[in-house]
Amino acid sequence: MKAMVDVYGCNPADIIAYIGAGICEEHYEVSEEIFESFNASLSAEGLCPCTNKHRHLNIRTTIFQQIIRAGLRFINIENVQICTYEDSGYYSFRRDGTKNRQINLIGIIDE
Ligand SMILES: [Zn+2]
């Protein structure tokens, strides 16, 4: 997001974000060390861990907070709420131990 603004001169209010499929908080349990490190990182950014379960990470809410803070408009954020662990249509290391992964793309439309 920062590069889109700093390098390409994009106006955050014009950026459209799509938060795609990813593991949900319920299925993303991590070690105590990772949990503490993740929360410390969020606190340093002034963001909320926003988790309801100890040692679980809420990546989707974290991404949402970061892009709102970056200046994107709420109406320009699409959030699909698909958990890759729960939906067999997606790869999931935690579910299957697979080495396959989803990919995400980002682009700029020059108008
Ligand atoms: Zn899930």
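1. Let's start with the aromatic rings. In this predicted model, the count comes to one aromatic pair. Its partners are F64 and F74, whose ring centres lie 5.8 Å apart with the planes at 85°, so the pair is edge-to-face, the cut-off for that label being over 60 degrees.

2. It helps to see where these two rings sit. F64 belongs to helix α3 (residues 59–69), while F74 is in the loop between α3 and β2 (77–79), so the pair ties together parts ten residues apart in sequence. F64 counts as partly exposed at 24% relative accessibility, whereas F74, at 63%, counts as exposed.

3. Next, have a look at the interior. Eight residues make up the largest nonpolar core: M4, C10, I15, A17, I19, I67, L72 and I77. Leaving aside residues up to four places away in sequence, L72 touches M1, P12, I15, A17, I67 and I77. Another core, of six residues, lies apart from the largest one and includes F35, F38, L42 and L57.

4. Now for the metal. Which protein donors hold the zinc ion? They are C24 (SG), H27 (ND1), C83 (SG) and E86 (OE), lying 2.0 to 2.2 Å from the ion. The angles among the four donor atoms run from 103 to 121°, and the site is tetrahedral.

5. Along the chain, the zinc donor residues follow the spacing C-x2-H-x55-C-x2-E. C24, in the loop between β1 (17–19) and α2 (32–44), and E86, in the loop between β2 and α4 (93–96), are 62 residues apart, and this pair links distant parts of the chain. C24 counts as partly exposed at 21% relative accessibility, while E86 is exposed, with a relative accessible area of 54%.

Notes: Residues are numbered from 1 along each chain as its sequence is written. This is a predicted model: local features need pLDDT of at least 70, side-chain atom pairs count only at pLDDT 80 or more; totals for chains, interfaces and linings use all residues. Side-chain values use heavy atoms; hydrogens and water are left out. Rings of Phe, Tyr and Trp (its six-membered ring) pair if their centres lie within 6.5 Å; planes under 30 degrees apart count as stacked, over 60 as edge-to-face and the rest as tilted. Helices (H or I, at least four residues) and strands (E, at least two) are DSSP runs, numbered from the N terminus. Buried means under 20% relative accessible area, exposed over 50%, partly exposed in between (1.4 Å probe, protein chains only). A nonpolar core is a set of buried Ala, Val, Leu, Ile, Met, Phe, Trp, Tyr and Cys residues joined through side-chain atoms within 4.5 Å. Contact means heavy atoms within 4.5 Å. Donors are N, O and S atoms within 2.8 Å of the metal (3.2 Å for Na, K and Ca); water is not among the atoms, so sites may look incomplete. Four donors count as tetrahedral if all angles lie between 85 and 135 degrees; four count as square planar and six as octahedral if opposite donors are over 155 degrees apart and all others between 65 and 115; anything else is irregular.
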